[in-house]
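Trainee: I am new to this structure and would be grateful for a close look at a single chain, chain A. Please take me through its overall form first and then through particular places in its loops.

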Amino acid sequence: MHGTKRKQWSKEALNRKRLNDVKKIKDYRKLVDKVLTLKESQVYDLKSLKSTTELLEINPEFNTAWNFRRDIIDNIRNELDSEFWDNELKFTMKTLKRFPKVYWIWNHRVWVLSHHVDSSIKIWQKELFIVNQMLELDSRNYHGWHYRRIVIQNMERLGNKSLNHQEFQYTTEKINQNISNFSAWHQRVQLISMMFDHDEIANKLDLLKDELDYITNAMFTGADDQAVWDYICWFIEYDNVFKTLELKEYTKMLNDLQTNIVMINDDDKDFSGKENPWCLKVLILIENLQCKRGIKKSDDVLKSKEWLAKLIEVDPLRANRYRYLLDSQYHE
Amino acid sequence: MLSPERRPSMAERRPSFFNSTGPNANPLIVPHLAGIEDPLPETTPEKVDVLIVGSGMVESVLAAALSWQGSTVLHIDKNDYYGDTSATLTVDQIKRWVDQINNGSIPFYENAKLYVSTLIGSGKYASKDFGIDLSPKILFTKSDLLSILVKSRVHQYLEFQSLSNFHTYENDSFEKLTNTKQEIFADQKLPLMTKRNLMKFIKFVLNWDKEPEIWKPYANRSMAEFLVEKFRLEKPQVFELLFSIGLCYNIDTKVPEALQRIRRYLSSFDVYGPFPVLYSKYGGAGELSQGFCRSAAVGGATYKLNEKLVSYNPTTNVALFSDGSKVNVVEKVIMSPTQISEDSKNVPKQPYQIHRLTCIVEKDCSTWFSEGESAAIVVFPPGSLKSGNKQVVQAFILGSGSECCPSGTCIWYLSTTEQGVRAELDLDAALEAMELSIIRETSTDIGDDEDIVQFGSNGQTLINSVKLGKSFKEYVPREKLQFLFKLYYTQRTSTPPFEVVDPTLFNVNKDTEKFDPEASDNGVLYTSMPSAEISYDEVVTAAKVLYEKIVGSDDDFFDIDFEDEDDLPGSSQDYENAIEDDDEDMGIDKSESAEFVGEMEI
């Protein structure tokens, strides 16, 4: 576990611990047997529910126990009131706090929310609030982000409206807090695509122009950050960007980016003597796009050869890939 | 005997938290200290390993280190309060202290001038409502003193609060620092290339000692030149980095020192939260030094106040006190220069001056503090004041939430390393600037100007600082700031501004032939007077140097292992985690139980 000092135990302390553990292991085995027997005999009542609770508190990764628990709940559904469901939510929350990365707990929580007697948009809104808090604690926990998408989907279904713009704002917030947040950038890609597909953007040109400013800012502030460059690569290749901007604006965008990236790369070379591999890669991509869209002709002077040669120097781990590209695309 | 007018001690205040959680929780007991909760001893031991005279920061840390190492320690102070040069005093105690300076009984302090409003004492406020530090200090979260506070558990006797707000005074206004990646990214006013340059510098400075190729060529030049030439930064960023983040004193600061200081700030940021510095409530260095004394007492040291060392004879090893009693000192006598008696001839020269101005104002000042906090730092870079200051003026502001002053008041600690007459001019100019600022910032006269506050496209509020500056310039203050207390004094020190204590300072003259027969302090090892440094940085280094001179090596300095009865699986010893860990997931993992690794059985 991160951040805890390891303790060296003396022989007696170790023996004492072993004795304690022997009893614990015995008790645990007894509990497992009890639960499995109940499951086999299909005993669906509150008592067996209690046994699964005991077991899951010790070992929440025992998926069979979760399945049995759901079977029990299904079978005694009619006896259960909304208080039971609330308690079930509390139980998952308690175990999540102790084990925030166990898939089965997240699954169970989603199941409870979907089957809750009072399943309405309110529960999901509360859920969103909880996810926000978890993402405050650890904004790069992909369980959190995946769960967030499920929550949002349910809210959209029940509320009958799209939450894409609000979610887009949220990713901006998260990236502002930490430029390296891959999950947030990834979410941004998903959201922009969805917004275009469902025609949810009032002024497409403005959105894209703002986005261009945003990524330029990110490029200068975090020139070594893979998350930023990956996003830029997606953005300039995204077909809706080309369609909206149209050739003239698109050409200008690529030119501006090229100028800025060259500036950053030259600055890196000046400062540390080495060029920036990300800059070089994106410059090559830009030139490819310029050729693809007819901005550059095939007999124009292409600098990609030069950039690939530099990449071989600066990024020797991938030298063979660059050589392959050089040979296959830029042979004389 | 003891001043009846002292403030409640750390043992007498109800602890506002209990120690740890879980079944083994017990209320924290702060050990008693002679002269505070316990009476002073009537007699002192006949023989000790070490005699320490003066209970300032360095001496108290040393006392604790030696006691826990096993040496017998007698720790005395001629005053009727603990803390010496680091003490935290009430208004009445300051009055007496000022008198003592002016009649010569406190060496190396001079030019003390004091004004106290009649509102304190007979009117609204009592003298002991205030706890005034003679040597105000802030604690960086990544520092050797903090590690020792945790190791020795003295931190349990103290309460700390965070300090996030560092302001730089520029063009008549107080700008707050932007130094984190998030703030740089979000800053609408910074040009893109500047953002890049700042990020490059921050990345470099965190590991600067591993990249000599970048800074070594500038090793003997000033940091300002390095920042401008190598990183292409401009004056506003250079000044912020040097003076507000690095807390340097002037523009000529050399590269290695500045890099060390800037890194100290940046690496302290995010250790416990989004702030680099802590301050202690109820008093700064005064509380900390007292805490170490208590720890030393638990470790076996004997404490006595009102005890003055008259002379020490290095041949017979006998130390003689003013009340006629004696003690045989086996190893060493350590003394603070402020505790010397007549005939002390071996005190090191203290050629440098630190000028301080401490004020108490009847104003809340919370506009300067971050939410939930009660302190801030303001830095006046060279040339920013009306007096044309060549050296920085540093101000440390404490509000009532620090429990050092009552609600509605605030303590302002100003200091400068400027020498001579100019110093007071600079301090006065800084004071005036602060006065003007706090009056207009808390005034309701500015009114609603819609152009001043704007909203950005993503909902952020932006302040139009140009417009704001304009309305300030046209502003004429209607009220005057009420001062409750104003204290000027000059303290002398042997440490030049900007350096660490020189170890040769401690070369005790052992050659008996060179002993001056008239001197009362032959063979005494003198500690260093506090320097102008606002952090506690020099303290542990100085204590360690002395420790090594006494014990032989500093390997076991505070190498304490407190054996707890509840050292069993299940008990959580979170204290050790705080320093080691810089994992992002700390917030979540903290609730899990600790992992234990046993010894391998063969």
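Mentor: The account below moves from chain A as a whole to two of its loop residues.

The model is predicted, so local features are described only where pLDDT is at least 70 and side-chain atom pairs only at pLDDT 80 or more, whereas totals for chains, interfaces and linings use all residues. Residues are numbered from 1 along each chain as its sequence is written, chains are lettered from A and ligands numbered from 1 in the order in which they are written, and side-chain values use heavy atoms, with hydrogens and water left out.

Chain A contains 15 helices and 1 strand; helices (H or I, at least four residues) and strands (E, at least two) are DSSP runs, numbered from the N terminus. Chain A is more spread out than a compact globule, because its radius of gyration is 28 Å, well over the 20 Å that the globule rule gives for 332 residues. That radius is taken over C-alpha atoms, and the globule rule is 2.2 Å times the number of residues to the power 0.38. Along the principal axes, the C-alpha trace of chain A spans about 80 × 60 × 35 Å.

Of the 332 residues in chain A, 47% are buried; buried means under 20% relative accessible area, exposed over 50%, and partly exposed in between (1.4 Å probe, protein chains only). The accessible surface of the chain comes to about 18,100 Å², and carbon and sulfur atoms hold 51% of that area. Such areas come from the Shrake-Rupley method with a 1.4 Å probe; for residues, only the protein chains shown count as cover.

Contacts (heavy atoms within 4.5 Å) also describe the fold. Among those in chain A between residues at least 6 apart in sequence, 61% join residues at least 24 apart.

As for charge, chain A carries 52 positive and 51 negative side chains, and the centres of the two sets lie 9 Å apart. Lys and Arg count as positive and Asp and Glu as negative, without His and the chain ends; each charge is placed at NZ of Lys, CZ of Arg, CG of Asp or CD of Glu.

Two loop residues complete the picture. Gln42(A) lies between α1 (11-40) and α2 (46-58). The phi of Gln42(A) is near 55°, a positive value in a residue other than glycine, and Gln42(A) is exposed, with a relative accessible area of 54%.

Asp199(A) occupies the loop between α9 (182-197) and α10 (204-221). Its phi is near 50°, again positive in a residue other than glycine. Asp199(A) is exposed, at a relative accessible area of 54%.
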